[in-house]
Amino acid sequence: MKLILTGGFLGSGKTTAIVAACKQLLANNKKVVVITNDQGDQQVDQAFVRSAGIPAREVSNGCFCCNYSQLDEHLLSFRNDLPDFVFAESVGSCTDLLATIVKPLGIQRPEIDVFVTVFADAPYLLSLMQGRASFLEESVRYIYKKQLEEADLLILNKTDMTEPTDLKTVYQTLQSEYPEKKIQLQNSLHDADIARWIEAIDGFTGNRSRTSIDIDYDEYSDGESRLAWLDKSITIRTDHNNATRIVRSIVGTAFDLIQQHRYTIGHLKFFLESDRWTEKISFTTATTSSVVRIPEIESGEVRMLINARIQTSPDNLRRLIDHVLEKMGTIHKCTIVHGKWSVFKPGYPKPLHRIP
C-alpha cells in the first residue's frame, strides 16, 4: 500500500489534484481511499471527495501530527481490504510532517510506502518572490517555506494561471533553492499532468532515509494563530425556486466584503448541495473576481457548508459571515437555517510523536 502524504499551503489545489488522480486510478481498476484532515470537524474537502464517489475518511479537530492515532486507526482499518493508494491530505497550515508522521509510520508501519508530495501555488509563490505576497506576517510565510523543505516531490501547481516567463522564473528559483528535490509543473485540470503525478507516485519504492526539518514551534504556532478558522453549515429555503441565485449572492458578497476589509484569504470554500446537483467553490489569495459559476437550475432548497481561513480575528470573521447571511436573507426574502458552526484559532501544535 502506498500512502501519498499530500501537503502544501491553504488554497494550493491539493484536493482538486487528489480527486483527479483518484478518478484516473479508479478508471484503471485501482483501489483508492482519501483521508482528509482539518482543524475543524465540518470539512468541505471531505464532502467534495465523497460527492465524486471516492471512498473517504477524515481526521478532524486537529492536524495529522496532533491526531496521529486517528490517522493510524484509519490505516489499520484497511488491513483486510488493502487499497493500492491512500491519499492523506494534511491541513494547509501544517508542517513538520517528516518528523511527526513519516518517521513514526516508518517505525510502526514499515509495510506502508510513504511518499510526500507538497503543492505550491505558482501565482502565490511568484508574488512571494516579488515581495507582493498578501500574507504580511513572517510567521505565516515561515510555515509556507517549511512545507516546501519536506517534499519528496514538489508540485508547482496552477501553471495555467502564470505567464510562461514568470513560471520559468519561479521554477528556476525553486531549483536553485532546493537542488536535491524533484520539481514537477502541473495544471491539475489536465489529465496528462495528473497522469505524470501518478507515474511519479507509482515509481516510488520503499521508504528512504529522510532528514527532519529544523523548526521553531513558537513561530509555527504564531503563524497558525494569525488565521481565524470558521466552519458553518446552513440551509437556504425559498418559495420562489431561486435558491441557486441566492447562493451565488451569498458567496460573491462574502468574498467582496472580505476584500473590502482587506482581510487576507488563506482559503474560502463552499460546498453546495441540492437534490439535483453538488458544487464546490474556492477562493484563495490569488482570486481577483467574485463571479460565481454554478448550475442555473431552479431549486427551492440548497445546503451550504462554509470553510473560511482568513487572516483576522475569529470574532471579526464570525460577524462578517453572519452579516452577509442576514443581509441576503432580507434582500431575497428567504429562510436561512443556521446549523452547526464553530469559529476559532488553532491551538499550539502538540504532535503525539516527533522524531528529529
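How many disulfides does the count come to? Hello everyone, let me start there, and then walk through the rest of the fold. The count comes to 0 disulfides. One caution before I go on: this is a predicted model, so please listen with that in mind.

Let's look at the cysteines themselves. Take Cys-66: its closest cysteine sulfur belongs to Cys-63, 3.5 Å away, and that is too far for a bond. A disulfide here needs the two sulfur atoms within 2.5 Å. Cys-94 also has Cys-63 as the place of its closest cysteine sulfur, this time at 4.2 Å, which is again too far for a bond. Their surroundings are worth a word too. Cys-66 counts as partly exposed, at 28% relative accessibility, whereas Cys-94 is buried, with a relative accessible area of 2%.

Now to the sheet. It is an open sheet of 7 strands, in the order E3-E2-E4-E1-E5-E6-E7, and the pairing is parallel. At the edges sit strand E3, residues 56–59, and strand E7, residues 182–186, each of which pairs on one side only. From one strand to the next, the twist averages 25°. For anyone who wants the reminder, strands of a sheet pair through backbone hydrogen bonds.

Let me start from the E3 side. Strand E2, residues 32–37, is joined to E3 by 4 bridges, with the two running parallel. If you want a spot to click on, Val-34 stands opposite Ala-56 in E3. Helix H2, residues 44–51, packs on the sheet here, touching E2, E3 and strand E4, which covers 85–89. The direction of H2 makes about 170° with that of E3. Another helix that packs on the sheet is H8, residues 191–202. H8 touches strands E1, E4, E5, E6 and E7, and its direction makes about 155° with that of E7.

So what about E1? How many of its residues are buried? The number is 7 of 7, so E1 is mostly covered. In a regular strand the side chains alternate between the two faces of the sheet. In E1, Lys-2, Ile-4, Thr-6 and Gly-8 point one way, Leu-3, Leu-5 and Gly-7 point the other way, and all are buried. On one hand, E1 is joined to E4 by 5 bridges, running parallel, and Leu-3 has Val-86 in E4 as its bridge partner. On the other, E1 pairs with E5 in the parallel sense over 7 bridges, and there Lys-2 has Asp-113 as its bridge partner.

Two helices next. H1, residues 14–27, has 14 residues and reaches 20 Å from its first C-alpha to its last, close to the 20 Å expected. Among its buried residues are Lys-14, Thr-15, Ala-17, Ile-18 and Cys-22. After H1 comes Asn-29, whose phi is positive, near 65°.

H4, residues 97–108, has 12 residues and reaches 15 Å, close to the 16 Å expected. Its buried residues include Leu-97, Leu-98, Ile-101, Val-102, Pro-104 and Leu-105. Which elements cover them? The cover includes E1, helix H3 (68–77), E5 and helix H9 (217–225), so our strand E1 turns up once more.

On to the aromatics. The count comes to 9 aromatic pairs. My pick is Phe-255 with Phe-283: the ring centres are 4.6 Å apart and the planes are at 20°, so this pair is stacked. Why does this pair tie together parts that are 28 residues apart in sequence? Because Phe-255 lies in helix H10, residues 243–260, while Phe-283 lies in strand E10, residues 278–283. Both rings belong to buried residues: Phe-255 has a relative accessible area of 2%, and Phe-283 has 3%. There is also a cluster, in which ring pairs link Phe-9, Tyr-124 and Tyr-144.

Last stop, His-332. This residue lies in helix H11, residues 314–332. Is His-332 buried or exposed? With a relative accessible area of 18%, His-332 is buried, since the cut-off for buried is under 20%. Leaving aside residues up to four places away in sequence, His-332 touches Ile-246 and Ser-249.

That's my tour, thanks for listening!

Notes. Residues numbered from 1 in each chain as written. Predicted model: local features only at pLDDT ≥ 70, side-chain atom pairs only at ≥ 80, totals over all residues. Heavy atoms only, no water. Buried < 20%, exposed > 50% of the residue type's maximum accessible area, 1.4 Å probe, protein only. Contact = heavy atoms within 4.5 Å. Pairing = 2+ DSSP bridges. Axes fitted to C-alpha atoms, helices over the stretch in contact; angles between N-to-C directions. Expected span 1.5 Å × (residues − 1). Phe/Tyr/Trp six-rings, centres within 6.5 Å; stacked < 30°, edge-to-face > 60°.
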